[in-house]
Amino acid sequence: MRASLLQIDVNPHESVADRRVRVAELVRAQSGSDLVVLPELWPTGAFAYEEFEANAESAADGPTAEAMAAAARGAGVWLHAGSVVERAEDGTLYNTALVFGPDGGLRRTYRKIHRFGFDQGEAVMMGGGQEVATVRLPDAVAGLATCYDLRFPELFRRLTDEGAGLFVICAGWPARRREHWTLLTRARAVENQAYVLACCSTGTHGGVPQAGHSLVVDPWGEVRGEAGDGEQILTVDLDPAKIAKTREDFPVLRDRVL
Ligand SMILES: NC(=O)CCC(=O)C(=O)O
């Protein structure tokens, strides 16, 4: 299973519309991959709070959903299209991740459960998701999480209990906490014996320099690929059989007591 993480440069010098066109072209170019992953809130920037209202859109048929559906179909890939600022029917904003199948159909949405900001920014501007989300890919069940969710191991254990052997995490993680990013992605992989595909943005938006360093970690906790600081496509071949094999050979999940 070939996965390509598109570590997109998100900065205010490029308009949302231009970035959408550019990212769609990048996705279309990934036709040899099985799964393509984009960062959190790449149209606006995860910290560009002043852009949220003006760029809020429908998760089903807004401009980003339509462009990403066409790009997934064009490339014939599964696409975790990162997240968008969703405006729900009642007007509430959500940080919502979108997953498309190779036919361009929207297969899953996930509203970020843990909102970042400690009474500011996303934490007050957006509603919190209430449901965990998994999606069945051809060779594994993927559990979805978004950025700050990474700090909450109980979410990943719930996803594991729902059958996930691979976590896809879109993020706009700040550079100043990059050590946490690397440590926590590996921890989630080791404790759940699962692949972690963690795609972060790069550049600076909302005045917050981004970490980059998107990662693919295997179920043994080994880093199989890591991007650098700038915009980059990180392509890694995964072995989904390794999920069951790791869980059989070293069956810690069976020893859970609580
Ligand atoms: N966009 C986010 O969720 C940022 C999370 C973050 O900065 C952190 O957990 O640290």
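**Close-up 1. Strand β8 is covered on both faces.** In this predicted model, Leu166, Val168 and Cys170 sit on one side of β8, Phe167, Ile169 and Ala171 sit on the other, and all of them are buried. Put another way, the strand spans residues 166–171, and six of its six residues are buried.

**Close-up 2. Strand β8 has parallel partners.** Look for β7 (residues 141–146), which pairs with β8 in the parallel sense over five bridges. One pair to pick out is threonine 146 with its bridge partner in β8, cysteine 170. Now find β9 (residues 195–200): it also runs parallel to β8, and six bridges join the two. Here you can spot valine 168, whose bridge partner in β9 is leucine 197.

**Close-up 3. Helices link these strands.** Follow the chain from β7 through helix α5 (residues 153–161) to β8, and you've traced a right-handed β-α-β unit. Keep going from β8 through helix α6 (residues 178–192) to β9, and there's another right-handed β-α-β unit.

**Close-up 4. Valine 37 sits in the largest nonpolar core.** That core has 76 residues, and Val37, Met68, Leu79 and Leu197 are the ones with the most contacts inside it. What does valine 37 touch, leaving out residues up to four places away in sequence? The list is Ala3, Leu5, Leu6, His80, Val168, Cys170, Leu197 and Cys199. You've met Val168 already, as one of the buried residues of β8.

**Close-up 5. A shell of residues surrounds the ligand.** Around the ligand you'll find Glu40, Ala46, Phe116, Cys147, Tyr148, Arg151, Gly172, Trp173, Pro174 and Arg177. Sorted by class, the shell has six nonpolar, one polar and three charged residues.

**Close-up 6. Leucine 41 and phenylalanine 118 have a positive phi.** Most residues other than glycine have a negative phi. Leucine 41 isn't a glycine, yet its phi is positive, about 40°. Phenylalanine 118 isn't one either, and its phi is about 50°. Leucine 41 is in the loop between β2 (35–37) and α2 (52–55), while phenylalanine 118 is in the loop between β5 (106–111) and α4 (122–125). Buried or exposed? Leucine 41 counts as buried because it has 30 C-beta neighbours inside 10 Å. Phenylalanine 118 has 8 C-beta neighbours inside 10 Å, so it counts as exposed.

**Close-up 7. Glycine 207 lies in a loop.** You'll find glycine 207 between β10 (204–205) and β11 (208–209). Glycine 207 is exposed because just 9 other C-beta atoms are within 10 Å, and the cut-off for exposed is 12 or fewer. Its C-alpha atom is separated by 42 Å from that of alanine 244, 37 residues apart along the chain.

Note on methods
Residues are numbered from 1 along each chain as its sequence is written. This is a predicted model: local features need pLDDT of at least 70, side-chain atom pairs count only at pLDDT 80 or more; totals for chains, interfaces and linings use all residues. A nonpolar core is a set of buried Ala, Val, Leu, Ile, Met, Phe, Trp, Tyr and Cys residues joined through C-beta atoms within 7 Å. A residue is buried if 20 or more other C-beta atoms lie within 10 Å of its own, exposed if 12 or fewer, and partly exposed in between; C-beta atoms are placed from the backbone. Two residues are in contact if their C-beta atoms, placed from the backbone, lie within 7 Å. A residue is near a molecule or strand if its C-beta atom, placed from the backbone, lies within 6 Å of it. Ala, Val, Leu, Ile, Met, Phe, Trp, Tyr, Cys and Pro count as nonpolar, Asp, Glu, Lys and Arg as charged, and the others, Gly among them, as polar. Helices (H or I, at least four residues) and strands (E, at least two) are DSSP runs, numbered from the N terminus. Two strands pair if DSSP finds at least two bridges between them. A crossover is right-handed if, with the strands pointing away from the viewer, the path from the first strand over the helix to the second runs clockwise.
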